[in-house]
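Got your viewer open? Let's take a short walk through the hollow spots inside this protein, one selection at a time.

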Amino acid sequence: MKIIKLLQQDRYSLSFEVFPPKMSTSFDKVKPAIEKIAKLHPSFMSVTYGAGGGTSQFTLDIARDMRNRYGFPTMAHLTCVSSTKETVAQKINELKKAGIQNVMALRGDLTPEMQLSDAHHWDYSHAVDLIRELKESDADFCIGCACYPEVHPESADQREDIKYLKEKVDAGCDFMTTQMFFDNNLLYNFLYKIREAGITVPVLPGIMPITKANQLERALKLSGSFMPQRFKAMVDRFGHDDMAMAQAGIAYATDQIIDLYANGVKNVHLYTMNKPEVARAIQNNLSSILGK
Ligand code: FAD
């Protein structure tokens, strides 16, 4: 099933994101966690693509296996910045052969050696190039792309960021998933601005439950997200106590999701970080809303 169909339904949904192993040798460690998450029957599951593509085969394998075994739609992420045209063409072909209907088209993060000033030597500089290629293939993919309520770190300002976002939608992107955020007002403000700019596709807010203080440091480094005072106080108070922090982080993420549902958002994407217990706790907290 195409995810866009699901996002257009008039009911609340919660989808989950998982990631493949960082090294091929660690697949056995990751697999049981992903299976437990799949058994929660999310509305769909997305599988990230390892930076640089090192374990990329697992993305496709997990997306295909989970769909075949549990019956929900899956989405494979695909990045392009460190790839050649040939590699991307081969990946698109593999996705098609595996019957993967949903693809999250991303540029990928630049590695420390990559300079934007060298971009003219690369086969791909931006996600929009990949979206165009996916669209040109004869596979009829449902295409997702990334968006940034707090502006992508490389963008000069939000106006520029939204201009390029519109370019991705005009190229054929069917929906967008947001970077994590900890203050829902940032999302509401972003939605207002993109709608004003003529972007009408569904936006899937991405919620990251922070259940460990050291996870926060990594997450903030990646996303540059704003930390509201309420959130800071929670981490300051409970960060040293693993169990208390997990409970508080789950409550905070649940609260964010309920506020989103209450304010007209129907579909939310949860960055599960391959933690089945966290995904389960949040889904249980929302069971009556989700009808589960
Ligand atoms: P782009 O859309 O290309 O944007 C990157 C920057 O370039 C932005 O500043 C944008 O404004 C600007 N830009 C865009 N188009 C143009 C243009 N035509 N001309 C000039 N400037 C332009 N990374 C992974 O490695 N694997 C994953 O699985 C993965 N999944 C993700 C899922 C989500 C929901 C999100 C939010 C991010 C994910 N990332 C993933 C991280 C992502 O790859 C990085 O944030 C990356 O830096 C940008 O990717 P993008 O697709 O948004 O790039």
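Start by selecting α10: with four residues, this helix gives the most to the lining of the second largest cavity. Keep in mind as you click around that this is a predicted model.

Now bring up the rest of that lining. Select Phe 182, Met 208, Pro 209, Ile 210, Phe 231, Met 234, Gly 249, Tyr 252, Ala 253 and Gln 256, and you have the residues around the second largest cavity. Colour α9 (229-238) and α10 (242-262), since these are the elements that give two or more residues to this lining. The space they border has a volume of about 40 Å³.

Try colouring that lining by residue type. How many of its residues are nonpolar, polar and charged? You should get eight nonpolar, two polar and no charged.

Next stop: the largest cavity, with a volume of about 60 Å³. Select Tyr 49, Ser 56, Thr 59, Leu 60, Ala 76, His 77, Leu 78, Lys 91, Glu 94 and Leu 95 to see what lines it.

Which elements each supply at least two residues here? Look at α3 (56-70), β3 (74-79) and α4 (85-97). Here the lining takes in two helices, α3 and α4, and a strand, β3.

Use the residue-type colours again on this lining. The largest cavity has five nonpolar, three polar and two charged residues around it. Lys 91 and Glu 94, both in this lining, are the charged pair to pick out.

That's the end of the walk: counting cavities of 30 Å³ or more, there are two.

Key: Residues numbered from 1 in each chain as written. Predicted model: local features only at pLDDT ≥ 70, side-chain atom pairs only at ≥ 80, totals over all residues. Heavy atoms only, no water. 1 Å grid on protein atoms, 1.4 Å probe; cavity = no way out; pocket = protein on both sides within 12 Å on 5 of 7 lines; lining within 4 Å. Points joined across faces, edges and corners; volume = space filled by probe spheres on them.
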